[in-house]
Amino acid sequence: MRCPFCGHMDTQVKDSRPADDGASIRRRRICPSCTNRFTTVERFQLRELVVVKNDKRRVPFDRDKLSKSIRVALRKRPVDEEQQERLVNKVVRQLEAMGEGEVSSSQIGEAAMNALKTVDEVAFVRFASVYLDFRELEAFSKLLTVMQQKTFKEPELMDSETDRPKDQD
């Protein structure tokens with residue numbers, strides 16, 4: 001592993017331990033050239049995922065983007081960092097377990113919403129309001145009605161002709 005401080009190519013692992021979620025390993029490293037220490041995190045990856053956007057573009061899956069959006073939805077909510085990381089890992093594993101190399105952006109959004117719903121309903125509503133691009137109060141009302149159901153399914157809130165939230169024109 002390359003040293004982030006001096007760029008030296010050969011760093012040494014001083015300590016390894018499983019992360020709290022059991023799905024990753026934290027390694028403490030030291031650079032023999034500059035003697036700086038740093039931590040790396042290794043995660044298993046079942047397959048390389050490609051995201052198919054609504055406009056049919058294909059981009060590599062970005063775990064950090066998913067993590068950031070989930071953390072924004074959970075900001076100032078009673079969910080600790082460890083639980084947030086487990087939630088992101090759960091969504092990523094679910095996407096990888098689908099058995100396909102390509103996943104649609106809507107599948108990612110739905111998986112994130114279903115996971116958030118089990119952890120914090122306020123975060124679920126926050127995420128949904130951005131993901132579904134709510135522009136009117138009535139859209140929130142419809143979402144709250146849908147929340148009474150076990151899982152979120154996008155078509156219930158989306159207009160199939162316009163791919164926008166219903167009553168949002």
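The following questions and answers concern helix packing and backbone angles in a predicted model.

User: At roughly what angle do the axes of helix H1 (residues 63-73) and helix H2 (residues 81-96) cross?

Analyst: Two packed helices are described by the angle between their axes and the distance between the axes. The axes of H1 and H2 come within 10 Å, and H1 passes H2 in a right-handed crossing. The two helices are oblique to each other. Their axes cross at roughly 130°.

User: How many nonpolar residues does the contact of H1 with H2 have?

Analyst: H1 contributes Arg63, Leu66, Ser67, Ile70 and Arg71 to the contact, while H2 contributes Glu81, Gln84, Glu85, Leu87, Val88, Asn89, Val91 and Val92. By class, three of the contact residues are polar and four are charged. The number of nonpolar residues is six.

User: Which residues of helix H4 (residues 121-131) does H1 meet?

Analyst: The axes of H1 and H4 come within 8 Å and cross at roughly 120°. This angle lies outside the 65 to 115 degree range for roughly perpendicular axes, and the helices are therefore oblique to each other. The contact divides into four nonpolar residues, one polar and one charged. On the H1 side stand Ser69, Val72 and Ala73, and they meet Ala123, Arg126 and Phe127 in H4.

User: Over what arc around the axis do the buried residues of H1 lie?

Analyst: An α-helix has 3.6 residues a turn, so residues three or four places apart point the same way. In H1 the buried residues are Arg63, Leu66, Ser67, Ile70 and Ala73. They lie on the same side of H1, because they cover an arc of only 125°.

User: Which exposed residues does the face of H1 turned away from its buried side carry?

Analyst: The buried residues of H1 are covered by elements including E3, H2, helix H3 (105-119) and H4. The opposite face, turned away from the buried side, carries Asp64, Lys65 and Lys68.

User: Is threonine 35 buried or exposed?

Analyst: Most residues other than glycine have a negative phi. Threonine 35 has a positive phi of about 65° although it is not a glycine, and it lies in the loop between strand E2 (24-30) and strand E3 (37-43). Because its relative accessibility is 54%, threonine 35 counts as exposed.

User: What is the relative accessible area of lysine 76?

Analyst: Lysine 76 is in the loop between H1 and H2. Its phi is near 60°, a positive value in a residue other than glycine. Lysine 76 is exposed, with a relative accessible area of 81%.

Technical notes. Residues are numbered from 1 along each chain as its sequence is written. This is a predicted model: local features need pLDDT of at least 70, side-chain atom pairs count only at pLDDT 80 or more; totals for chains, interfaces and linings use all residues. Side-chain values use heavy atoms; hydrogens and water are left out. Axes are lines fitted to C-alpha atoms, for helices over the stretch in contact, and angles run from 0 to 180 degrees between N-to-C directions. Helices (H or I, at least four residues) and strands (E, at least two) are DSSP runs, numbered from the N terminus. Angles under 35 degrees count as roughly parallel, over 145 as roughly antiparallel, 65 to 115 as roughly perpendicular and the rest as oblique. A crossing is left-handed if the near helix is turned anticlockwise from the far one by less than a right angle, and right-handed if clockwise. Contact means heavy atoms within 4.5 Å. Ala, Val, Leu, Ile, Met, Phe, Trp, Tyr, Cys and Pro count as nonpolar, Asp, Glu, Lys and Arg as charged, and the others, Gly among them, as polar. Buried means under 20% relative accessible area, exposed over 50%, partly exposed in between (1.4 Å probe, protein chains only). The arc is that of the directions from the helix axis to the C-beta atoms.
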